[in-house]
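User: Hi! I'd like to walk through a model with you, one question at a time. Could you take a look?

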Amino acid sequence: MGITVIFHNGEEKKVPSYMLDYLIRENRIVAFQRSSGWVHIGRDPIRKSQQPLTRAGERWSDFLFKRKQA
């Protein structure tokens, strides 16, 4: 599935969804389109910040593994 993005030169293009993080990180695009509308890089929130996992048992797979053994 493609995501519509706008490059710095104004070009609007569909790109594979797996490329979106790369394009944002490398500052290649100014905006991309979600189902709810356009997201402008640097102005609109992109996603919630991810906190690093600091201790064992915080991962969902750890929880599932413990349940199976109980």
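User: Thanks for joining me. Leaving aside its neighbours within four places in sequence, which residues is I29 in contact with?

Analyst: Happy to help, and please keep in mind that this is a predicted model. I29 belongs to β3, which covers residues 29-34, and its bridge partner is F7. I29 is also one of the ten residues of the largest nonpolar core. With sequence neighbours within four places set aside, the contacts of I29 are V5, I6, F7, H8, L20, L23, I24 and I41.

User: Which residues make up that largest nonpolar core?

Analyst: In general, nonpolar side chains of soluble globular proteins tend to be buried together. Here the largest such group has ten members, and β1, α1 and β3 each contribute at least two of them. The residues are I3, V5, F7, V15, L20, L23, I24, I29, F32 and V39.

User: Stepping back, what pattern does the chain follow along the sequence?

Analyst: The chain holds two helices and four strands. The strands β1 and β2 span residues 2-7 and 12-16, and α1 (20-25) is followed by a loop and then β3. Read from start to end, the pattern is β-β-α-β-β-α.

User: In what order do the strands lie in the sheet?

Analyst: Let's build the sheet from its pairs. β1 and β2 pair antiparallel over five bridges, β1 and β3 are joined by three bridges and also run antiparallel, and β3 pairs with β4 antiparallel over four bridges. The result is an open sheet of four strands in the order β2-β1-β3-β4.

User: Which strands are at the edges?

Analyst: The sheet is open, with the order β2-β1-β3-β4. An edge strand here pairs on one side only, and that applies to β2 and β4 (37-40). The average twist from one strand to the next is 35°. The edge strands, then, are β2 and β4.

User: Could you give me some registers? What is the bridge partner of T4 in β2, and which residue of β4 does A31 stand opposite?

Analyst: Gladly! T4 has K14 as its bridge partner in β2. Across the pairing of β3 with β4, A31 stands opposite H40.

User: Which residue takes a positive phi in the hairpin of β1 and β2?

Analyst: Four residues lie between the two strands of this hairpin. The phi value there is near 95°, and the residue is G10.

User: What is the phi of N27, and why is its sign worth a comment?

Analyst: N27 is found in the loop between α1 and β3. Most residues other than glycine have a negative phi. N27 is not a glycine, yet its phi is positive, at about 55°.

User: R28 lies in that loop too. Is R28 buried, exposed or partly exposed?

Analyst: The partly exposed class runs between the cut-offs of 20% and 50% relative accessible area. R28 has a value of 41%, so it is partly exposed.

User: Which side chain makes a polar contact with that of R28?

Analyst: Leaving aside neighbours within four places in sequence, R28 is in contact with F7, H8, Y22 and L23. A polar contact of 3.4 Å links the side chain of R28 to that of Y22.

User: Last one: what percentage of the residues is buried?

Analyst: The chain exposes about 6,100 Å², with 52% of that supplied by carbon and sulfur atoms. Of the 70 residues in the chain, the buried share is 17%.

Terms used:
Residues numbered from 1 in each chain as written. Predicted model: local features only at pLDDT ≥ 70, side-chain atom pairs only at ≥ 80, totals over all residues. Heavy atoms only, no water. Buried < 20%, exposed > 50% of the residue type's maximum accessible area, 1.4 Å probe, protein only. Areas by Shrake-Rupley, 256 points an atom, 1.4 Å probe, with all protein chains shown as cover. Pairing = 2+ DSSP bridges. Contact = heavy atoms within 4.5 Å. Polar contact = N/O pair within 3.5 Å; in protein donor to acceptor, adjacent residues only side chain to side chain. Axes fitted to C-alpha atoms, helices over the stretch in contact; angles between N-to-C directions. Core = buried A, V, L, I, M, F, W, Y, C linked by side-chain atoms within 4.5 Å.
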